[in-house]
Amino acid sequence: MQKLTGRLDEIDTSMNKRVNVIGQSIKKQQEEMETALLPSKLYNDAYNAYLGNNFDGAAAGFKGYLAKFPSGEMAESSYFYLGESLYLKEHWQDAALAYATVLEKFPKSVRIPAARLKYALALLKLGDDKKPEAMKYLHSVAADFPASQEAKTAKDYISRLSPPKPAAGKTVKAP
């Protein structure tokens, strides 16, 4: 009977060890899955906040994503939508910085026309001393992406912000 009890104890100990190993393996796999899903979850939560007009939550979410994954797959989109969120909150300086980051870090992005345009518009909100730089970016959008909707918007701003030209054949006298 003692031999049988001893053998059952050995089997129980062996089974507990196996169960623990299996449990640790499952836990490790779950952690790996969570780590793999975390960037997507952070980005999607921020983007959903943006879509829901929760610009504070969106900005915080995109900043959180970028703090953890500055070179992540969704970094470009995160910087752009961070800029959009900040722009809509009227945080012009921070929005301009986010758009500038897209322009600097992702020069081949499909969002370059929009980022240039929005950068220029944010600069215009910062005061007259930023107007020359803003105009430079508006002209670059119109010149580099002439068929885009951003070019049309840029041209509208250029025509509104440029001083009117005197009509041909008429001279303007100085007062």
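Which residues form a nonpolar patch on the surface? Select Met 1, Leu 4, Leu 8, Ile 11 and Met 15, which together make up this patch and offer about 540 Å² of accessible area. Met 15 lies in helix α1 and is partly exposed, with a relative accessible area of 43%.

Before going further, colour the chain by confidence, keeping in mind that this is a predicted model. The protein chain averages a pLDDT of 90, and 90% of the residues score at least 70. Among the elements, helix α1 (residues 2-51) has the lowest mean pLDDT, at 83, whereas helix α3 (residues 75-88) has the highest, at 98.

Turn next to the charged side chains, where the structure holds seven salt bridges; three of them are visited here, beginning with Arg 7 and Glu 10, whose closest N and O atoms are 3.2 Å apart. Both residues lie in helix α1, three residues apart, about one turn of the helix. Arg 7 is partly exposed at 48% relative accessibility, and Glu 10 is likewise partly exposed, at 49%.

Stay in helix α1 and select Lys 41 and Asp 45, a salt bridge with its closest N and O atoms 2.8 Å apart. These two are separated by about one helical turn, because they are four residues apart in the helix. Asp 45 is partly exposed, with a relative accessible area of 41%, and Lys 41 is partly exposed at 48%.

Finally, select Lys 118 and Glu 84, which form a salt bridge with the closest N and O atoms 3.0 Å apart. This pair links distant parts of the chain, since Lys 118 is in helix α5 (residues 112-125) and Glu 84 is in helix α3, 34 residues apart. Both Lys 118 and Glu 84 are buried.

Note on methods. Residues are numbered from 1 along each chain as its sequence is written. This is a predicted model: local features need pLDDT of at least 70, side-chain atom pairs count only at pLDDT 80 or more; totals for chains, interfaces and linings use all residues. Side-chain values use heavy atoms; hydrogens and water are left out. pLDDT is the predictor's confidence in each residue, from 0 to 100. Patches are made of residues with over 30% relative accessible area and no salt bridge: like charges are joined within 9 Å, nonpolar side chains (Val, Leu, Ile, Met, Phe, Trp, Tyr) within 5 Å. Accessible areas come from the Shrake-Rupley method with a 1.4 Å probe; for residues, only the protein chains shown count as cover. A salt bridge is a side-chain nitrogen of Lys or Arg within 4 Å of a carboxyl oxygen of Asp or Glu. Buried means under 20% relative accessible area, exposed over 50%, partly exposed in between (1.4 Å probe, protein chains only).
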